[in-house]
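Q: I am new to this structure and should be grateful for a close look at a single part of it. Please take one helix and describe what is found along it.

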Amino acid sequence: MKNITDSFLCLGYWPSAGSFGFNTDILATNPINLSVVLGVLVFFGKGVLSDLLDNRKQRILKTIRNSEELREGAMEQLEKARARLRKVETEADRFRVNGYSEIEREKLNLINSIYTTLEQFEIYKNETIHFEQQRAINQVRQRVFQQALQGALGTLNSCLNNELHLRTISANIGIFGAMKEKK
């Protein structure tokens, strides 16, 4: 740093003879140099700076507009989604209510069907029992009849002789003949 200041000091000792040179008096030259530099910067840099600021402002505004459009689109989508959610919730409630009533209806139908089936089984059971009783009674009757017939035949065969046999046949023929004449 000392070399740089020394070189500026050396420049100050050169004869200027009306030419351009450096004034090493800092107090005298610094405000003037600064005002000249600032003036040049303001004059020439004003347009560039203004253009840069305008471009930046336009980009910021465009970004804000895009953000607003995106926000509005998102709000529309949110409202649509909320409407769909309400619709789905309504349908779910309707299905839930209809499902419960359908379940109750099916339950009642099933109970009624089972009750009807049980009644039919009861009727079939009673008919089967009655049929089996009649069959058992008929079997007993046939057995009793066969045993009575065998007993009667046995008694008749042991008690009947030829003469009684002939008289019984003659009496039966007489009964058949009388029946035939009445007709």
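A: The following account begins with the chain as a whole and then follows one helix along the sequence.

The model is a predicted one. Its protein chain contains 3 helices and 0 strands, and in sequence order these give the pattern α-α-α. Of the 183 residues in the protein chain, 1% are buried. The accessible surface of the protein chain amounts to about 17,200 Å², and carbon and sulfur atoms account for 63% of that area.

The part chosen here is helix α2, which spans residues 26-159.

Two annotated stretches come first. An unreviewed UniProt entry lists residues 32-53 under "transmembrane region". In the model, residues 32-53 are 100% helix and 0% strand, with 28 Å between the C-alpha atoms at the two ends. The unreviewed UniProt entry also carries the annotation "coiled-coil region", which covers residues 64-98. That span is likewise modelled as 100% helix and 0% strand, and its end C-alpha atoms are 50 Å apart. Both names come from the record, and such annotations may be inferred rather than shown by experiment.

The charged side chains are the next topic. The structure holds 7 salt bridges, among them three that are described here. In one of them, the side chains of E68 and R71 meet with an N to O distance of 3.6 Å. These two residues stand 3 residues apart in helix α2, so about one helical turn separates E68 from R71. E68 counts as partly exposed because its relative accessibility is 37%. R71 is also partly exposed, as its relative accessible area is 45%.

Another salt bridge joins E104 and K107, whose closest N and O atoms are 3.8 Å apart; the cut-off for a salt bridge is 4 Å, so this pair lies within it. E104 and K107 are again 3 residues apart in helix α2, which means a separation of about one helical turn. The relative accessible area of E104 is 41%, so E104 is partly exposed. K107, at 44% relative accessibility, is partly exposed as well.

A further salt bridge links E132 with R135, and here the closest N and O atoms lie 3.2 Å apart. Because E132 and R135 are 3 residues apart in helix α2, they are separated by about one helical turn. E132 is partly exposed, with a relative accessible area of 34%, and R135 is partly exposed at 41%.

Aromatic side chains give another kind of contact. R94 lies over the face of F95, 4.8 Å from the ring centre. The count of aromatic pairs, by contrast, comes to 0.

Nonpolar side chains also appear on the surface. L110, I114, L118, F121, I123 and Y124 form a nonpolar patch there, and together they have about 640 Å² of accessible area. Y124, one of these residues, has its place in helix α2. The relative accessible area of Y124 is 47%, so Y124 counts as partly exposed. A residue must have over 30% relative accessible area to belong to a patch, and Y124 therefore passes that cut-off.

In summary, helix α2 runs over residues 26-159. The salt bridges of E68 with R71, E104 with K107 and E132 with R135 have been described, together with the surface patch that includes Y124.

Definitions and conventions: Residues are numbered from 1 along each chain as its sequence is written. This is a predicted model: local features need pLDDT of at least 70, side-chain atom pairs count only at pLDDT 80 or more; totals for chains, interfaces and linings use all residues. Side-chain values use heavy atoms; hydrogens and water are left out. Patches are made of residues with over 30% relative accessible area and no salt bridge: like charges are joined within 9 Å, nonpolar side chains (Val, Leu, Ile, Met, Phe, Trp, Tyr) within 5 Å. Accessible areas come from the Shrake-Rupley method with a 1.4 Å probe; for residues, only the protein chains shown count as cover. Helices (H or I, at least four residues) and strands (E, at least two) are DSSP runs, numbered from the N terminus. Buried means under 20% relative accessible area, exposed over 50%, partly exposed in between (1.4 Å probe, protein chains only). Rings of Phe, Tyr and Trp (its six-membered ring) pair if their centres lie within 6.5 Å; planes under 30 degrees apart count as stacked, over 60 as edge-to-face and the rest as tilted. A charge sits over a ring if NZ of Lys or CZ of Arg is within 6 Å of the ring centre and within 35 degrees of the ring normal.
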